[in-house]
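Student: I should like to study a protein model step by step. May we begin by looking at it together?

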Amino acid sequence: AISAYVIFMYPVITRNTGLNEFIKDLPKQLTALVGGPLDYSTAIGFLSAQLYSVIAPLIMIVYAVIHGTSAIAGEEERGTLALMLANPVPRRRVVLQKAAALTLAVVLGAFVLWAGLLGWAQVADVDVDLGGLTNGSIMLGLVALFFGALGLAMGAATGRRGISGGLTGAYGVGAYLLNAFIPLVDWLRPARFITPFYYYQGNDPMLIGLSAAHALALIAGAGVLFGAAVFTFERRDLLK
C-alpha cells in the first residue's frame, strides 16, 4: 500500500515545477533531519527522500525490534521458553535459529518493498533506477537487521521484552538524532561511526552507489550482537 501511494504520488509532485527550487532553498538544518539533501527531479531521488529516508526505515526497524525482543524475552515472559528448553535443545541452537528467523523476516520485508515499488512503477509508467532501488533496499534490510539483532541481544540478556524494546528504541532515536546533527556540528563528526544510520545513509546508496564498507559494517554489527545474544543467554540463570 505504501509502495503504491508513493509511486502514484511522484507524477503529481513532478508537475509542480517550482517544488525542486523550493526544496533547494530549504535550510540545511531541516534537510539534515530528514536524512540529507532532497532531490525530487528523478523518481529514485524522490523515493530516497520521501520513503527511504524516514518512513521505510521506521517501519522496518520497529518491526525488527518487535521481532527481536519477542524472540527470547517474549517467549520467556509467556512461559513457552521453559517448555522449549525442557527438550534436549542447546540454548545456543535456540538463539541462532531465532536469529535466522529474524534475518529471513527482515530480508523478506525489504524484498516485498523492493518488488512492490518496481511493480507499481510499471503500472504507473514511472521510470525507477533498478540499481539505486536495489541498493537502497539492501541497506534498508541491513539497518533493520542491526536493530533487530540489538533487540534480540537485549532480550537474551534481560529476559524482559519491555526493557529490551525501550533500550533499543532509545538507542535508535538517539542514533538518528546524532546522525542528523553530525553534518551541522563539526565537533560531532568523529561520533558518526557509532550510529548505524551513518552506514545506512552516509554514502547515499540510492543516488551515489552501494558502499561495501558500510554494508559490511552493518553485517558485522548484527553478527556481533547475535554472538552477544548467544553468550549472555547461555550464561544467564533463567530461574531468577
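Student: This is a predicted model. Does R92 count as buried, exposed or partly exposed?
Tutor: The model is indeed predicted. A residue is buried under 20% relative accessible area and exposed over 50%, with partly exposed in between. R92 has a relative accessibility of 43%, so R92 counts as partly exposed.

Student: With which residue does R92 form a salt bridge?
Tutor: Side chains of opposite charge can pair when their charged atoms come close. For R92, the closest N and O atoms of the pair are 3.3 Å apart, and the partner is E234.

Student: Which helices does this pair link?
Tutor: The pair joins distant parts of the chain, with the two positions 142 residues apart in sequence numbering. E234 is itself partly exposed, at 31% relative accessible area. R92 lies in helix α7, and E234 lies in helix α11.

Student: Which residues are linked with R92 in a network of salt bridges?
Tutor: The network includes the partner already named, E234. Besides R92, its members are E234 and R235.

Student: How many salt bridges does the structure hold?
Tutor: The pair of R92 and E234 is one salt bridge, and R161 forms another with E77, at 3.9 Å between the closest N and O atoms. The total for the structure is five.

Student: What is the N to O distance in the salt bridge between K98 and E75?
Tutor: This pair links K98 in helix α7 with E75 in helix α5, 23 residues apart. The side chains of K98 and E75 meet at an N to O distance of 2.3 Å.

Student: Is E75 buried or exposed?
Tutor: The cut-off for a buried residue is under 20% relative accessible area. E75 has 12% relative accessibility, and therefore E75 counts as buried.

Student: Which residues does E75 touch, not counting those up to four places away in sequence?
Tutor: The salt-bridge partner K98 is one of them, and K98 is also buried, with a relative accessible area of 19%. The full set is S70, T80, L81, M84 and K98.

Student: Why is helix α4 described as largely enclosed by the rest of the structure?
Tutor: Helix α4 covers residues 43–50. Its buried residues include F46 and L47, and they pack against α1, α7 and α8. The helix is largely enclosed because the buried residues number seven of the eight.

Student: Which residues have the most contacts inside the largest nonpolar core?
Tutor: This core has 62 residues. Helix α8 gives the most to it, with 14 residues. The residues with the most contacts inside the core are Y52 and V128.

Student: Which residues form the nonpolar surface patch of about 280 Å²?
Tutor: One member, I55, is found in helix α5 and is partly exposed, with a relative accessible area of 34%. A residue needs over 30% relative accessible area to belong to a patch. The patch is made by I2, V54, I55 and I59.

Student: How many helices and how many strands does the whole protein have?
Tutor: Every element in the order from the N terminus is written α. The protein has eleven helices and zero strands.

Student: What percentage of the residues of the protein count as buried?
Tutor: The protein exposes about 12,100 Å², of which carbon and sulfur atoms supply 68%. Of its 240 residues, the share that counts as buried is 46%.

Note on methods: Residues are numbered from 1 along each chain as its sequence is written. This is a predicted model: local features need pLDDT of at least 70, side-chain atom pairs count only at pLDDT 80 or more; totals for chains, interfaces and linings use all residues. Side-chain values use heavy atoms; hydrogens and water are left out. Patches are made of residues with over 30% relative accessible area and no salt bridge: like charges are joined within 9 Å, nonpolar side chains (Val, Leu, Ile, Met, Phe, Trp, Tyr) within 5 Å. Accessible areas come from the Shrake-Rupley method with a 1.4 Å probe; for residues, only the protein chains shown count as cover. A salt bridge is a side-chain nitrogen of Lys or Arg within 4 Å of a carboxyl oxygen of Asp or Glu. Helices (H or I, at least four residues) and strands (E, at least two) are DSSP runs, numbered from the N terminus. Buried means under 20% relative accessible area, exposed over 50%, partly exposed in between (1.4 Å probe, protein chains only). Contact means heavy atoms within 4.5 Å. A nonpolar core is a set of buried Ala, Val, Leu, Ile, Met, Phe, Trp, Tyr and Cys residues joined through side-chain atoms within 4.5 Å.
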